[in-house]
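Me: I am new to this structure and would be grateful for a close look at one part of it, the nonpolar core. Please set that part in the context of the whole chain and of what lies outside the core.

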Amino acid sequence: VRRQYLPDVRVVDTGRRMIMGATPLRAVASAGLPDLIGDSPAAAHVRGTTMALGVLRFAQPPVAARRQWLPALHRTAVAEIEDYVMWALPTTQEQLGSAPVWRRAKELTADLPSALRLAVAEAWQDVTVALRIGMIPPMPAWPASPVTVIGDAVHLAPGFGGNLAMQDAHHLCEVLVEAHRGRLDLLDAIGTYED
């Protein structure tokens with residue numbers, strides 16, 4: 001949609017990176033980390049290093065959810081999924097260097113408290129990644145149409161696009177209800193959401 005309305009707009013690399021990782025909740029439970037984080041995302045800033053963390057506890061075991069909601073999905077797709085701690089470390093391309101990402105994350109957290117170091121040390125190494133942080137320079141608004149975007153499609157928010165998609169869907173639903181009730185024209189409702 002953005003390419004259609006604003007074909008000349010390009011994402012600019014800021015040079016910033018975000019190392020994202022996940023750690024089995026069971027691996028950090030004895031350190032008390034899940035209790036420190038609680039139910040909302042948290043951030044720690046210690047001696048110049050920032051680390052964001054969030055606990056994901058499945059409301060329903062993934063295997064049972066697959067059986068109920070996606071029975072065609074191969075059973076091995078969720079067989080080993082478990083509750084986990086998601087964590088993020090902001091850095092730069094220069095600081096990231098060429099070392100393996102998980103090893104670099106361990107180096108960046110060396111001065112943090114032991115519970116935070118443990119979250120990185122016990123992380124699933126194969127899902128620890130470095131994301132490029134980009135920005136879109138200020139641009140003109142596009143006209144509202146029956147097609148709109150949510151989540152990562154519109155927000156530059158590494159690692160939190162799913163959360164933003166849920167918030168966007170909620171706001172979009174509110175304005176669509178207003179259009180359905182005749183209080184707003186459909187395009188005005190979508191324009192209100194996009195504003």
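Reply: The account below begins with the chain as a whole, turns to the core, and ends with the parts outside it.

The model is a predicted one. Its chain has 195 residues, of which 32% count as buried. The secondary structure amounts to 9 helices and 5 strands. Read from the N terminus, these elements follow the order α-β-α-α-β-β-α-β-α-α-α-β-α-α. Along the principal axes, the C-alpha atoms occupy a box of roughly 55 × 45 × 30 Å. Among contacts with a separation of 6 or more, 71% join residues 24 or more positions apart. The accessible surface is about 12200 Å², and carbon and sulfur atoms hold 56% of this area.

We come now to the core itself. Which residues have the most contacts inside the largest nonpolar core? They are Leu-33, Met-51, Leu-53 and Trp-87, in a core of 23 residues. Several elements contribute to this core: H2, helix H3 (33-37), strand E2 (42-46), strand E3 (49-56), E4, H6 and helix H7 (114-121) each provide at least two residues. H7 gives the largest share, 4 residues.

Met-51 shows in detail how a core residue is surrounded. When neighbours within four places in sequence are left aside, Met-51 is in contact with Ala-42, Ala-43 and Ala-44, among others. Its partners also include Trp-87, Ala-88 and Leu-89. Further along the sequence, Met-51 meets Thr-109, Leu-112, Leu-116, Ala-119 and Val-120.

Thr-49 offers a second view of the region. This residue is found in strand E3. Is Thr-49 buried or exposed? Thr-49 counts as buried, because its relative accessibility is 18% and the limit for that class is under 20%. Beyond its neighbours within four places in sequence, Thr-49 touches Ala-44, Leu-89, Leu-108 and Leu-112. Ala-44, Leu-89 and Leu-112 are also among the partners of Met-51.

The loop between E2 and E3 holds Arg-47. Its phi angle is near 45 degrees, a positive value in a residue other than glycine. Arg-47 counts as exposed, with 65% relative accessibility.

Charged side chains form another part of the picture. The chain carries 18 positive and 20 negative side chains, and the centres of these two sets are 7 Å apart. Side chains of opposite charge can pair when their charged atoms come close. In this model the count of salt bridges comes to 5.

One of them joins Arg-26 to Glu-82, with 2.8 Å from N to O. This pair connects distant parts of the chain, as its members are 56 residues apart. Arg-26 belongs to helix H2 (residues 25-28), while Glu-82 lies in the loop between helix H4 (62-69) and strand E4 (84-92). Arg-26 is exposed at a relative accessible area of 59%, whereas Glu-82 is partly exposed at 22%. H2 is also one of the elements that supply at least two residues of the core.

Another salt bridge pairs Glu-107 with Arg-104, and their closest N and O atoms are 2.7 Å apart. Both residues lie in helix H6 (residues 101-108), 3 residues apart, or about one turn of the helix. Glu-107 is partly exposed, with 42% relative accessibility, but Arg-104 counts as buried at 17%. H6, too, is listed among the elements that supply at least two core residues.

A further salt bridge links the side chains of Arg-183 and Glu-178, at 3.2 Å from N to O. Arg-183 is exposed, with a relative accessibility of 55%, and Glu-178 is partly exposed, with a relative accessible area of 24%.

A final comparison concerns Val-154. This residue lies in the loop between strand E5 (129-135) and helix H8 (161-180). Val-154 counts as partly exposed at 38% relative accessibility, so it falls outside the buried class, for which the limit is under 20%. Apart from residues up to four places away in sequence, Val-154 touches Val-149 and Asp-168. Between the C-alpha atoms of Val-154 and Tyr-84 there are 27 Å in space, and the two residues are 70 residues apart in sequence.

In summary, the core of 23 residues draws on several helices and strands, with H7 as the source of its largest share.

Key. Residues are numbered from 1 along each chain as its sequence is written. This is a predicted model: local features need pLDDT of at least 70, side-chain atom pairs count only at pLDDT 80 or more; totals for chains, interfaces and linings use all residues. Side-chain values use heavy atoms; hydrogens and water are left out. Buried means under 20% relative accessible area, exposed over 50%, partly exposed in between (1.4 Å probe, protein chains only). Contact means heavy atoms within 4.5 Å. Accessible areas come from the Shrake-Rupley method with a 1.4 Å probe; for residues, only the protein chains shown count as cover. Lys and Arg count as positive and Asp and Glu as negative; His and the chain ends are not counted. The place of a charge is taken as NZ of Lys, CZ of Arg, CG of Asp or CD of Glu. A salt bridge is a side-chain nitrogen of Lys or Arg within 4 Å of a carboxyl oxygen of Asp or Glu. A nonpolar core is a set of buried Ala, Val, Leu, Ile, Met, Phe, Trp, Tyr and Cys residues joined through side-chain atoms within 4.5 Å.
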